[in-house]
Amino acid sequence: MSDEFAQFNAAFFEESAEHVSAIEKGLLELEQRPSDLELLNTIFRSAHSIKGVAGMLGFAAVAQFTHKMETLLDQLRNGRITVTPPLTDVLLRATDYLKTLLDAAQSERSSDEAIAHGLEAQLEAFAMGSPLVVADVSSPLLPSPLERGPVLICAEGGQGDRALPPRRCFDISWTPPSFLFQRGLDPQKIFTDLGDLGIVTDVRMDRSRLPDLVSMDPEQCYLAWTVRLETDQAINEIESVFEFVRDDSVLTIEECAPSCESRLDAPHAPKRIGEILVESGAVTQDALNLALAQQKQIGEILIAQQVVTPTQLAQALETQRQTAPVAQTKKADPATIRVDTAKIDKLINLVGELVITQSMLSDLGARFDMTQLALLLERMTQLEHNTRELQEQVMGIRMLPIGTVFSRFPRLVRDLAGKNGKKMQLVISGEETELDKTVIESIGDPLTHLIRNSADHGLESPEERLAAGKPEQGAIRLTAFHEGGSICIAIEDDGRGLPREKILAKAVKQGLLREDENVSDDHVWALVFQPGFSTADKVTDVSGRGVGMDVVKRNIEALGGTVAIQTTAGKGTRFVLTLPLTLAIIDGLSVTVGGEIFIVPLTTINKSVQPTASELKTIVGKGELVRDRDEYLPIVRLSEVFGVGAAITDPTKAILMILESQEERVAVMVDAIIGQQQVVIKSLEQNFRKVDGVAGATILGDGTVAFILDVRGLLQVALRGDAVGA
Amino acid sequence: MSQTVLIVDDSVTMRDMVAFTLTGAGFQVVQAGDGKEAMGKLATGAKPDLVVTDLNMPVMDGITLIKAIRKMPPLRFTPILMLTTESSEEKKAEGRAVGATGWIVKPFSPEQFLKVLKKVLPA
């Protein structure tokens, strides 16, 4: 609507996204509690807000579509129609489309109008004529100002370029209501506004209603006026002066001088037919508007005549969109984050403390002698304390509650239940658990996959469940919680559990296992993460294509996390994702090899040992091994992996750090351990290139660069056998 | 001294847009997210020359707010504008009945908004 408001677009899209998810969440809850009026009001308000602001910002498609949704919601609110599953379906699909529309508006693309028309038609149908509706529903489908757009345009076309109309004269007689002042209205304003329109040539006041002083209420208006106005403005301009009072007043506006309507010839553009008909009095403006509202787009007409199919139309529209000359998409997506003001206040507070400490230190530095060493150390400790706290708080800004991801799953489970004919409910807890924004953004897809998996493979059909003595409705539990320095997300179902025999058979068939091989349960469960592995009897829309679980695992590992499976036949399956709190800072142990310092992520360290000669063994083809309890682990010499000279070569004189990643262990040989510290991870790939066995680099206190070890990578190095001492 | 406008709307974006328009035109702006918050600001001494309120809001809606404001002696004659989406007669009538001065139909441009403002603001 106005470019001046364009600066509010980003805020609008953010706010709308919240409203859309509120609508979605509300609709799902509404199915459970169809008579909850407050819930309906909440949904309605969200739609209403989007509509209002979208209109202001000129996103007409969004405003128009939301209007249709709102109309249906309003009917629900008024109790004219009731909540049914098909109705919820339509509203949910409309919500999806609204999301698409908003995305399209944000990236300045056009959206698929065929879908819009289909959905709008359905929304209207539900709003007007579900079987439960009483017949005489007075149509609430007042065309909104936006829908009347074309009419406004043709009216402008008719009046443009016309010479100034001649001055006309009106008699205006106005009797305001007695409660005029109680509505905050001021008659004086009315006269001023009339004066702005032209020249007020005569004002007469009617005092006939004025009571005697004793019975007069000074807060009531007893007066009436007659005004003669000479103006070149149209009559509706005068009417608009009285806009806020006319419904409570007695108002007549009459043209008093004979009309001198010597209209000039029609402007350059020919008049539209509707306009001519209105002018000649053959139809009213309202009737014209109504007719225009029924005008259909060519695509709709062709579909109605069954000349083309909706698919063909959609394709044609797509082609049109692609070949449109200005079809460039402009995606200005400033990555923004909303931060609780309390967090910001805390930060400012901390910065204040840091400044105080700094000024104390510089004060001390200005007149320092060795007697003040203790004081210096004390201040340094304080500085360290400040810095660490500031760091934690700043990291906290990037932390978002995981509920923002979880909120999309109730819908998913509802849709899945509808598709595969099972009964299931999703139980969510721990949604307030906070997680780094980057992790939050990447966790959605893996979680979606695991939930689909539980719904399709894990949970049984209602009949099966009843036969097994379980409640008909299956449950999927989604839980987030802190454990140590990590976040755990558990996806748990009470279904049939993983089918050990089926997985084994499949693994043998795919050549992953020999038939007679004796494998542990954990090993069997790990097989489901193999690429292309699926035991679903048939491929469904939901899952079973064998793509996914391996991707889930890869994605989680890319985030520095792990996936674990616990399953019991007949009782259910539980996947646990363990993720680091943040990706940017880790606790590490610094170690030396030769003259170099390396950082070992603390979470991967199992223990450190200095082996005796009897614990060491060399096996041809497997290289150097060390015994830890009853297991032999490969030894990786860091000095050889990274080509560092002057390192200790005798394992019994060096230190072996037993590192663990996803239940596989490796012994890494280092010279000495220096100590524990927090390090900021800097990407090596962005600044240099990928190095096997290195997760990244960090800058140490003295300014030198140190590698951060990647245990997975080192394990692979160990398994390849290169650089393994032999 | 510049005049103060209290803007009440649950949509932050809408409030921001109105506030932007108003400050641009030299007004002081006080904001509230719903009727209750607005009443809180009025109770603690905010004395607007004009109130602009949305109707459909959580906690306390616009109609209830207008009623409440008209009961406060210093604000009995203060102009109150309602923001509505439809030019719905029903809503307008309801607003008039409880003492609303006027209304603005969304969507509106800054110019339209200021024009309506001028209509009701005391000189």
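1. The largest nonpolar core has 65 residues. Ile43(A), Val62(A), Met69(A), Leu72(A), Leu73(A) and Val52(B) touch the most other members of this core. Helix α2 of chain A, residues 37-57, gives the core its largest share, nine residues. Apart from this core lies another, of 33 residues. Met424(A), Leu447(A), Met549(A) and Phe575(A) are among its members. Keep in mind throughout that this is a predicted model.

2. Val62(A) deserves a look of its own. Leaving out residues up to four places away in sequence, Val62(A) touches Ile50(A), Ala54(A), Leu101(A), Leu102(A) and Ala105(A).

3. Next, the pair α1(A) and α2(A). Helix α1 of chain A covers residues 9-32. Its axis and that of α2(A) come within 9 Å, and they cross at roughly 155 degrees. That angle makes α1(A) roughly antiparallel to α2(A), since the cut-off for this label is over 145 degrees. The crossing of α1(A) past α2(A) is left-handed.

4. Which residues in α1(A) meet α2(A)? From α1(A) come Asn9(A), Phe12(A), Ser16(A), His19(A), Ala22(A), Ile23(A), Gly26(A), Leu27(A), Glu29(A) and Leu30(A). Facing them in α2(A) are Leu39(A), Leu40(A), Thr42(A), Ile43(A), Ser46(A), Ala47(A), Ser49(A), Ile50(A), Val53(A) and Leu57(A). By class, twelve residues of this contact are nonpolar, seven are polar and one is charged. Two names recur here. Ile43(A) is one of the residues that touch the most other members of the largest core, and Ile50(A) is among the contacts of Val62(A).

5. Now the contact between the chains. Chain A puts 31 residues into the contact, and chain B puts in 31 residues. On the side of chain A that touches chain B, α1, α2 and α7 (187-197) each supply at least two residues. The largest share of that side, eight residues, comes from α2(A). By class, the side of chain A that touches chain B has twelve nonpolar, eight polar and eleven charged residues. So α2(A) needs checking twice: this helix gives the largest share of the 65-residue core, and it also gives the largest share of chain A's side of the contact.

6. A second helix pair is α17 (residues 437-458) and α21 (residues 549-558), both of chain A. Their axes are 9 Å apart and pack at an angle of about 150 degrees. α17(A) and α21(A) are therefore roughly antiparallel to each other. α17(A) passes α21(A) in a left-handed crossing. Ser442(A), Asp445(A), Pro446(A), His449(A) and Leu450(A) make the contact from α17(A). Val552(A), Asn555(A) and Ile556(A) make it from α21(A). This contact divides into four nonpolar, three polar and one charged residues.

7. Is Ile476(A) buried or exposed? Ile476(A) counts as buried because 26 C-beta neighbours lie inside 10 Å, and the cut-off is 20 or more. Ile476(A) sits in strand β8 of chain A, residues 474-483. Neighbours within four places in sequence aside, Ile476(A) is in contact with Val413(A), Met424(A), Leu426(A), Ile451(A), Ser454(A), Ala455(A), Ile491(A) and Asp493(A). One of these, Met424(A), belongs to the core of 33 residues. Ile476(A) and Arg574(A) are 98 residues apart in sequence, yet their C-alpha atoms are 9.6 Å apart in space.

8. Chain B has 123 residues, of which 46% count as buried. It has five helices and five strands. From the N terminus on, these run β-α-β-α-β-α-β-α-β-α. Take the contacts in chain B between residues at least 6 apart in sequence: 61% of them join residues at least 24 apart.

9. Some backbone details call for a check. Most residues other than glycine have a negative phi, and most peptide bonds are trans. The bond from Lys106(B) to Pro107(B) is cis, with omega near -5 degrees. Pro107(B) is in the loop between β5 (102-105) and α5 (110-120) of chain B.

10. Ala646(A) is not a glycine, yet its phi is positive, about 60 degrees. It lies in the loop between α22 (638-641) and β18 (655-661) of chain A. Ala646(A) counts as exposed because it has 11 C-beta neighbours inside 10 Å.

11. Val59(B) also has a positive phi, near 65 degrees. Its place is the loop between β3 (50-54) and α3 (62-70) of chain B. With 11 other C-beta atoms within 10 Å, Val59(B) is exposed.

Notes:
Residues are numbered from 1 along each chain as its sequence is written. Chains are lettered from A and ligands numbered from 1 in the order in which they are written. This is a predicted model: local features need pLDDT of at least 70, side-chain atom pairs count only at pLDDT 80 or more; totals for chains, interfaces and linings use all residues. A nonpolar core is a set of buried Ala, Val, Leu, Ile, Met, Phe, Trp, Tyr and Cys residues joined through C-beta atoms within 7 Å. A residue is buried if 20 or more other C-beta atoms lie within 10 Å of its own, exposed if 12 or fewer, and partly exposed in between; C-beta atoms are placed from the backbone. Helices (H or I, at least four residues) and strands (E, at least two) are DSSP runs, numbered from the N terminus. Two residues are in contact if their C-beta atoms, placed from the backbone, lie within 7 Å. Axes are lines fitted to C-alpha atoms, for helices over the stretch in contact, and angles run from 0 to 180 degrees between N-to-C directions. Angles under 35 degrees count as roughly parallel, over 145 as roughly antiparallel, 65 to 115 as roughly perpendicular and the rest as oblique. A crossing is left-handed if the near helix is turned anticlockwise from the far one by less than a right angle, and right-handed if clockwise. Ala, Val, Leu, Ile, Met, Phe, Trp, Tyr, Cys and Pro count as nonpolar, Asp, Glu, Lys and Arg as charged, and the others, Gly among them, as polar.
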